[in-house]
Amino acid sequence: MKNNKLKILTNGIIRENPVLVLVLGTCPTLAISTQAINGLGMGISVLVVLTCSNIMISALKRIIPDTVRIPCYIVVIATFVTMVQLVLKAFVPALDKALGVYIPLIVVNCIILGRAEAFASKNSVVDSMLDGIGMGLGYMLTATVMACIRELLGNGTIFGKVITAGTITPFTIMIMAPGGFFVFGVLIAVVNKLTKGKVAEKCQNKCLGCPGAAFCSEVQKEGGEEA
Amino acid sequence: MADRHTDLIVASAPHVVAPADTARIMRDVVIALIPALAVSTYVFGARALLLTAVCAVFSVFFEWVTRKILKRSNTIGDWSAVVTGVILAFNLPVGIPLWMAVIGCFIAIVVVKQLFGGLGQNFANPAIVGRIALFIGFAGPMANWAITPRMSQAILSVAEQDAITGATPLAISAAGGTVPTNLEMFLGLINGSMGEISAAALLLGGIYLIVRKVISPAIPVAFLGTVAVLSLVFGLDPIFQLCAGGVMLGAIFMATDYVTSPITTPGRIIFGIGCGIFTMLIRVYASYPEGVSFAILLMNILTPHIDRLTRRKVFKPAEGGAK
């Protein structure tokens, strides 16, 4: 039992990493990972919102009617996002300014909505909290690592500290969009190597074990009915 | 019997074995690049040779290492990496630090070519992506044009005034300055990327390739023709526009890459016209003075669609062989 809880917690870090394996929340990750501090700030914001919303949605899962669950989730998530944004504005205004529209956009971040739909609405409060923390940590690590790589290569610094700037001309394309996609692809390759491609295989063959399975099958069903 | 969707025709036996293979074609391309390299060496000095050699050697090295790591067959004998390296060098300013050129080779060979499966699988021309990545990533060094005493008086006087330091003819023209004469432009007594300066030498190489049937004239003619026509439309000097920047190098050596250009003649004409249109649009309206590489890259990406649109129409499928 205890082992199981630990597994829920560590699932999000590599094995089911939300960005690199589930490929959710790609847009904000690519957009903000230009500086390590932005990646870390965004990562912590997502971690907090994801944990809180998972707890709340799991606690409310019997009250929320099935037909209007998505609007209800969004109200819950938006509440926590507003709180996080107010805290950021009050204590780290510079970070808030750097992250800009991507903080309010956490409301519709597919990682958070996806975990609410696929995990929190079906599991106990404690499990949902652990899942939120694990997935949030996975997101935070990915965003920070990506941002460190891009900041080092594209600007010669990490967390604003000079590493190579001044001695080596920085390769500025790395902090532009193409560099983001490139680092993203390389990290996905690394994770595939670490998990020996098992995750990708599983998703291709069957939907078992894929947290988006409920989503997919529902969409397919709806699509089929329309057709 | 013919492949009904393309121009490929397979006749019945007996068949003549043609000596053409990848290595032979690529060697011909290298030979065709020699006149341009000679002019560059004359204008820029020995560093042009050094830069070309470094790019060629590192391209071959990266090709070899990547194939080795990915446990694929060794393909450095097909000369394609040499061609990519030389063409990439031709796209760089002669004074660029050599390590930056090596990064360009890495992007061209490893990222664009080998990660997509090697020769024949790359969706874009490796040398072009290498150039664009360097152009955007190292904006300063990539616009640092060398000035040598062998260049046109117009360029030297601009350099002397220090108004626009070492500006290329296109930049001078964009700034409204006096540009070199058309003869100087044609011969290549100007500055710019290392191998693009001499339209005359590049045309010589192009004629060699067309005579040897390595390339079909469709893409270069359509590309250069479109640039000339659009120059007239925009009220610019067509000869200047054809000789300036990378149009000749791009039209003859980069847009004609087999892998990333259409296979049918109508497709090639559409491809060339598209390259010409985007080149001129970027030159006239965009903030960059030159747009050949972006134009070719864009058309590279459209190539699969052009191929699909220009397939031969089959009215009645052949008996039995229809799919």
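The exercises below, each with a worked solution, concern a predicted model and its chains A and B.

**Exercise 1.** Determine how many helices and strands chain A has, and in what pattern they follow one another along the sequence.

*Solution.* Counting the elements of chain A gives 10 helices and 2 strands. Reading along the sequence then places them in the pattern α-α-α-α-α-α-α-β-β-α-α-α.

**Exercise 2.** Work out what percentage of the residues of chain A is buried, and what percentage of its contacts between residues at least 6 apart in sequence joins residues at least 24 apart.

*Solution.* Chain A has 227 residues, and 40% of them count as buried, a class that requires 20 or more other C-beta atoms within 10 Å of the residue's own. Turning to contacts in chain A between residues at least 6 apart in sequence, one finds that 74% join residues at least 24 apart.

**Exercise 3.** Describe the contact between chain A and chain B by residue number and, for chain A, by class.

*Solution.* Chain A contributes 5 residues to the contact and chain B contributes 7 residues. The side of chain A that touches chain B consists of 3 nonpolar and 2 polar residues, with no charged residues.

**Exercise 4.** Analyse how the two domains of chain B meet.

*Solution.* Domain 1 of chain B covers 21–145 + 192–214, while domain 2 covers 215–308, and their C-alpha centres lie 19 Å apart. Their contact takes 27 residues from domain 1 and 21 residues from domain 2. On the domain 1 side, helices H3 (80–90), H5 (126–137) and H10 (199–211) of chain B each supply at least two residues, with the largest share, 7 residues, coming from H10(B). Sorted by class, this side of domain 1 has 16 nonpolar, 9 polar and 2 charged residues.

Technical notes: Residues numbered from 1 in each chain as written. Chains lettered and ligands numbered in written order. Predicted model: local features only at pLDDT ≥ 70, side-chain atom pairs only at ≥ 80, totals over all residues. Helix = DSSP H or I, 4+ residues; strand = E, 2+ residues; numbered from the N terminus. Buried ≥ 20, exposed ≤ 12 C-beta atoms within 10 Å, placed from the backbone. Nonpolar A, V, L, I, M, F, W, Y, C, P; charged D, E, K, R; others polar. Domains from an automatic or database assignment.
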